[in-house]
Amino acid sequence: MEQHDLQTLKGIGQARAKVFARLGLFTCEELLRFYPYDYQDRRAKVSVSNLLHGMTACVCGMVALTPQETMIRKGLLLTKLTVVEDTGRLHITFFNAPYAKTALQVGEVYVFFGKIEVKNNRFEMVNPVFEPESKQGQTTGRLMPIYHLTAGLTQYAVRSAVSQSLALWADAAPDILPPTMRQAYGLCDIAFALREIHAPTAAETLQQARRRLAFDELFLLSVGLSWMKQGRQQSPGPRFTPLALSDFEAALPFRLTGAQRRAIAEAQADLTSGTLMSRLVQGDVGSGKTMVAAALCLMAAHSGTQAALMAPTEILAEQHYATLAPLLTQFGVSTGLLTGRLSPKRKKALQAEIAAGTLTFVIGTHALLSEQVTFANLGIIITDEQHRFGVNQRISLARKGQGVHTLVMSATPIPRTLALLLYGELDVSVLDELPPGRTPVKTYVVDMGMRARIDTFIDKTVKEGGQVFVVCPLIECTEDTPDTLQEAVSEQARLQSLFPARRVGLVHGKLKEKAAVMADFAAGLLHILVSTTVIEVGVDVPNANLMVVQNAERFGLAQLHQLRGRVGRGKRESFCILFHTGGNESLARLKLLEQSTDGFAIAQADLALRGPGEFFGTRQHGLPTLRVADLSVDTPLLEQARQAAQEVLAEDPQLLTHTALRRHVDALMEKLGE
Ligand code: ADP
Ligand code: MG
């Protein structure tokens, strides 16, 4: 599409263009897609008798006398005037606005917009924007767009550039939707949408514009993801030999759940089909995803290929290694652990074994993605706690083994909208059943007044043979840490001196000996483990039955649900104590956890409360930023967009006749792959 440099606009020279560039804006076309983040309603005119202190309003009145200028001191010019209308007077003051006196004519009627102050029974307005009533509609009498700014840029400058761009290029904006489809889904055309999003003529038309632009975002993403899925389904993959599940199960200390069996069978059907598998296994904390992974790795080995399992943290990779290596060794599968912390020598040796194919199964962190790791004959890549990786890491992983089966596993029960977007290109197996014998974790939200009693409870839990996690939001105090925030280092010291007879461990992201500390805790050598959220995902210590979270309001609900999932894995009755030190709003949020242990319901509530960015941590979800669509409310629109995407692709799989769409999808996919 043709692009026009911002400098072709009036009022934008080289210097101003540099300021726009800081917002990533170089062309008029980009500016058209730089939507306002809010609007200020400057439509209603209020008569003076109805004005209230503190309200922001338009007042329409006649300038009664010539504005008076006074130079208070050097550099401070005051302009005062009085405006009259039927019900009263408004006193206006401008600071350093020499233009006001010239612009305002005595006897003329103007509309003033600003904040009302009541002083000594007089209504006052300071530095209002104004325009003649006869020419109303530029700065008053409408919904004013509000843009994100950067130093050196004013709303006025952006608005002016936007309105010029609209006049020049809105009609030339390529429409990715064919007219028939616009009609079918009741959407306005793109030029109208662009005009209305920047300069709304009414709330209803703004709503139409918003709907159209949100639809476009979701539609593009859906087309892109379906395309990825199509591509994969058609590509051939290594054909695995079926595995008798009974042999595998015989090596386990328990029977597989029905859900585990189903997930393994679904994956097995893919793996033996001769086409590539791209599957998501989604199951709440503790549903037993690791064993599904183990069964598939065993299958890969039996089929003469290598398998890789990638975890988001070292702790988790090490834990998987500790569980899976002994299990798979029984079947003659050689297993190795590759993390960033290996000595260079050890790492080299391991890489050599991987390259030679003598090592069948590798467990690791994203170190597995490094250039130095090449597999002799990789058959399947499994990614644990998928949502912790971005789409981009997922793509580099896929590149690692072109033509390799992929399975991703995620414990975060993802609300439907997000699941469609994040995993739209994947087939899904759901583990909707927990292994038997789990007791729900009893959860209590308490305030710091309960601290002594909880300390006693911690001690009692240990006395009875249980173990305790204490999670803090921070590692260590810095000078600007508020006193109210608990940090792991001093909490460990406090608990250790409180209970000298107990062994209190400490683990956090910056600690080198994470694995050793975790191993001690798992072995029962430590009674209490103080940590940051490094233990959030996957950590499995069945004997732990009390989870205490400090400053719980600092965490998302889904995250707290994950943390809580660290307990309730054994036979003991388990508890989760959430210390609340925030306001009432966060209290209400935390109370949801007292009432529900359903990860899906909690995730949905969390998404609605905090939005998708917060939900996953902005960078973690790997989605492109949605600027108009709002995933917590736009589910119906997303479903329509997905349907529209299917229709277009069914009719024109290669998008040969939908050229504008094709270009946008390519650009989007490129962005996701970066
Ligand atoms: P997830 O990764 O889904 O959160 P894990 O795979 O860590 O869950 O399993 C949680 C715990 O349940 C582990 O201690 C595991 O050994 C145990 N487990 C897994 N499957 C079963 C089963 N079918 N029956 C009993 N316990 C199981
Ligand atoms: Mg797990």
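Which residues are the closest to ligand 1, and how many residues surround ligand 1? In this predicted model, 16 residues surround the ligand, and the closest are Gly286, Lys289, Thr290, Arg438 and Asp540. By residue class, the shell around ligand 1 divides into four nonpolar, six polar and six charged residues.

Polar contacts of ligand 1 are set out in the table.

| Residue | Part of the residue | Atom of ligand 1 | Distance |
|---|---|---|---|
| Thr257 | polar backbone atom | nitrogen | 3.5 Å |
| Thr290 | polar side-chain atom | oxygen | 2.6 Å |
| Arg569 | N or O atom in the side chain | oxygen | 3.4 Å |

On its own, ligand 1 has 560 Å² of accessible area, of which the protein covers 87%. Thr290 thus appears both among the closest residues of the shell and as the residue whose polar side-chain atom lies 2.6 Å from an oxygen atom of the ligand.

The second subject is strand β18, which spans residues 467-471. Because five of its five residues are buried, that is, each has under 20% relative accessible area, strand β18 is largely enclosed by the rest of the structure. The cover extends to both faces, with Gln467, Phe469 and Val471 buried on one side and Val468 and Val470 buried on the other.

Two strands pair with β18. Strand β21 (residues 544-549) runs parallel to β18 and is joined to it by five bridges, with Val470 standing opposite Val548 of β21. Strand β20 (residues 528-531) also pairs with β18 in the parallel sense, here over four bridges, and Ile528 in β20 is the bridge partner of Val468.

How values were computed. Residues numbered from 1 in each chain as written. Chains lettered and ligands numbered in written order. Predicted model: local features only at pLDDT ≥ 70, side-chain atom pairs only at ≥ 80, totals over all residues. Heavy atoms only, no water. Buried < 20%, exposed > 50% of the residue type's maximum accessible area, 1.4 Å probe, protein only. Pairing = 2+ DSSP bridges. Near = heavy atom within 4 Å. Polar contact = N/O pair within 3.5 Å; in protein donor to acceptor, adjacent residues only side chain to side chain. Areas by Shrake-Rupley, 256 points an atom, 1.4 Å probe, with all protein chains shown as cover. Nonpolar A, V, L, I, M, F, W, Y, C, P; charged D, E, K, R; others polar.
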